[in-house]
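Me: Could you take a close look at one part of this protein for me? I'd like a bench-level tour of a single spot on the surface, then how the rest of the chain frames it.

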Amino acid sequence: MTSVGADSPVDGVLATVSIVLSLLVAVWALVAALRQRPPDRVQFIGLGVLEVALLALSVLALIAVGGGDRPDEPGAFFGYLVTLVCLPPLAWVLARMEPTRWGSAIVCAVCLVAPVVVVRLQQTWEVLGG
């Protein structure tokens, strides 16, 4: 089992808020998909707020890197960072292209992936025992 050090810029309240917000949007989108509803305004607003939180998390990580801190796996870390920032806009575009229940399913799926990427980002910042 790995843990993230206390000095990691990608671990803390902002990461927790991002994960919780992403899961809340996923549940909302899942309920809409099960009710055969297209993506609604709440899903799009949730994706926007999630994107702002993920951008703030990314800025914190880049400030830490600029200050001299380095992730233990820089290639994987920056790959996950770029992927994380691109997920909400990708969900928004795909949901707009599919204005059916499947658009809500897309939002749900992407919002379930985002917390996994946040955790992988934390793990690649500090690799323990590897």
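Reply: Helices here are DSSP runs of H or I with at least four residues, strands are runs of E with at least two, and both are numbered from the N terminus. On that basis Leu-94 sits in helix H3, residues 74-97. This is a predicted model, where local features need pLDDT of at least 70 and side-chain atom pairs count only at pLDDT 80 or more, while totals for chains, interfaces and linings use all residues. Residues are numbered from 1 along each chain as its sequence is written, and side-chain values use heavy atoms, with hydrogens and water left out.

So how covered is Leu-94? It counts as partly exposed because its relative accessibility is 32% (buried is under 20% relative accessible area, exposed over 50%, partly exposed in between, using a 1.4 Å probe and protein chains only). Leu-94 also helps make a nonpolar surface patch of about 470 Å², together with Leu-90, Trp-92, Val-93 and Met-97. Patches take residues with over 30% relative accessible area and no salt bridge, joining nonpolar side chains (Val, Leu, Ile, Met, Phe, Trp, Tyr) within 5 Å and like charges within 9 Å; a salt bridge is a side-chain nitrogen of Lys or Arg within 4 Å of a carboxyl oxygen of Asp or Glu. Areas come from the Shrake-Rupley method with a 1.4 Å probe, and for residues only the protein chains shown count as cover.

Now zoom out. The protein chain has 4 helices and 0 strands, in the order α-α-α-α. Its C-alpha trace spans about 45 × 30 × 25 Å along the principal axes. Buried residues are 39% of the 130, and the chain's accessible surface is about 7,100 Å², 70% of it from carbon and sulfur atoms.
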